[in-house]
Amino acid sequence: MGFQIRLLGLCLWVYLASLSFISVGALCARVGAVDKGIVLVHGKTAIGRIDDDFVCATLDWWPPQKCDYGKCSWGHASLLNLDLNNKILLNAVKGCLPMNRWDELNSFFQKAGAKVIFGLNELAGKSIKSGFAVGPWNYTNAESLIRYTVRKKYHIHGWELGNELCGNGIGVSVAADQYASDVAALRSIVENEYRGIEPKPLVIAPGGFFDANWFKEFISKSGKSADVVTHHIYNLGPGVDDHLTQTILDPSKLDGPADTFRRLKGILKNSTNKVTAWVGEAGGAYNSGHHLVSDAFVYSFWYLDQLGMSAVYDTRTYCRQSLIGGNYGLLNTTTFMPNPDYYSALLWHRLMGGRVLSTTFYGTKKIRTYAHCAKESKGVTILVLNLDNSTTVEVNVALKFNNLPHSGVHEPARREYHLTAPERNLHSQIMLLNGKVLSVNSAGEIPALEPIYVDSTKPITVGPVSIVFAHIPNVLLAACS
């Protein structure tokens, strides 16, 4: 830390004190169609943490009926942990969720091994005045649903209050102090209805777009009522934009949400309340995305970059819009087969552990890098995204605070997972893993995600517009021990 190397088209030899190099060599700006660079992994301490069920997906719910009080309950969202193998968020508009349907859903959740978060209607009982929803929350309906759920012994991981009502809101907004009061009411209901039951569900809010002043006031005034603050991200603009692909492959555009993550982390750090941050909904491009972009290979560059970036800023869970629905589903809406991002999410879930490491890449700006302590195994996993459509990049790995400084020789090989599109067709809905098509078998089973084994002394070779997860087992970073 504390130094910079600017590449000016010349070939450098680089020595960095306190570093252990998995591969050491000349750092050159470009050799034909090949660039070289170094990813420095800072291994002294973790800079963030993610939950075991960090990967989450949403599922829209559109009730066909209106509600009759006493026969059904209505809210706006439900999150189910698909762990990918498990997390989902279910959004509902105002309508009816009959109790028999709630029973059926909970049966499904149980069979899927899902963690469910259901969103409650924050607008109940409020009057709308000049774009503001005013007055206290009428929690009668929500309380009856929670009581029924407890009685039926359904496991709910969390209850979220409201959807896109913070800041300026979407159509209507609720003031931060009133929202804090309403969340306190939800906390009271959860404490009362789950008396004697542990662990109790999380209390979550507000599930909307980040507004620094609003969030700061809400977090300050909500006290210990909320366990999690959720915010939504649609940083790519409208799905109808014909330039989405160019936006996704533009490093400066991908950097956009970093300011939101940074500012929210700062608010939470300065708060006395023990509350964590989640991305409660993120689809990249709003209004259902764009066919053959948000449901195709190219979207994994945006998606995995978001997972990596949010984790750097201590986001504990990231919910993708959606599991199925619109053009940004992880599953095809017709066949229910996985789209490319499903496999990207699954690899992340299996390889990226809970401790987040800082990385610095020295080389082209078209390379994005993230690193975590490996999940359920030794070593570290590095994620490398190459946004360049014509240049291969050889990435040397430098480790700072590696407690095995001579590792690499006679040690286990590096496991690499290369994700590409057929013939570099970014709009393909087929993803290749190490050159092999990923597809479910006739029984609907997900294929084995097998790595290739590479000599740990060699650089990671990242082809044009490709993604690599590299698990390096033969290192022991201080942050991971």
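**Cysteines and two covered helices**

Let's start with a single cysteine: C166 is buried, because its relative accessibility is 3%, below the 20% cut-off for that label. Please keep in mind as we go that this is a predicted model.

From here we can turn to the cysteine pairs. A disulfide is a covalent bond between the sulfur atoms of two cysteines. With a cut-off of 2.5 Å between sulfur atoms, the count in this model comes to two disulfides.

One of these bonds joins C56 to C319, with 2.2 Å from S to S. The link bridges distant parts of the chain: C56 sits in strand β4 (residues 55–61) and C319 in strand β18 (residues 315–324), 263 residues apart. If you look along the S-S bond of C56 and C319, you will find a torsion of 100° about it, and the link is right-handed. How accessible are the two ends? C56 has 0% relative accessibility, so it counts as buried. C319 is also buried, with a relative accessible area of 1%.

The other bond connects C373 and C480, whose sulfur atoms lie 2.0 Å apart. Here too the pair links distant parts of the chain, with C373 in strand β20 (residues 367–374) and C480 in the segment after β28 (466–472), 107 residues apart. The link of C373 and C480 is left-handed, with -85° about the S-S bond. As for accessibility, C373 counts as buried because its value is 6%. C480 has 22% relative accessibility and therefore counts as partly exposed; the cut-off that separates buried from partly exposed is 20%.

Now for two helices, beginning with α8. Helix α8 covers residues 299–312, and at 1.5 Å a residue its 14 residues should span 20 Å; the end C-alpha atoms are 20 Å apart, so the model agrees with the expectation. Of those 14 residues 13 are buried, which means that α8 is largely enclosed by the rest of the structure. After α8 comes D314, whose phi is positive, near 70°.

Helix α9 can be checked in the same way. Its 12 residues (340–351) should span 16 Å at 1.5 Å a residue, and the end C-alpha atoms are 17 Å apart, which agrees. How many residues of α9 are buried? The helix is mostly covered, with 11 of its 12 residues buried. Among them are the aromatic-lettered Y342, Y343 and W348, together with D341 and H349. The buried residues of α9 also include P340, S344, A345, L346, L347 and L351.

Note on methods
Residues numbered from 1 in each chain as written. Predicted model: local features only at pLDDT ≥ 70, side-chain atom pairs only at ≥ 80, totals over all residues. Heavy atoms only, no water. Helix = DSSP H or I, 4+ residues; strand = E, 2+ residues; numbered from the N terminus. Expected span 1.5 Å × (residues − 1). Buried < 20%, exposed > 50% of the residue type's maximum accessible area, 1.4 Å probe, protein only.
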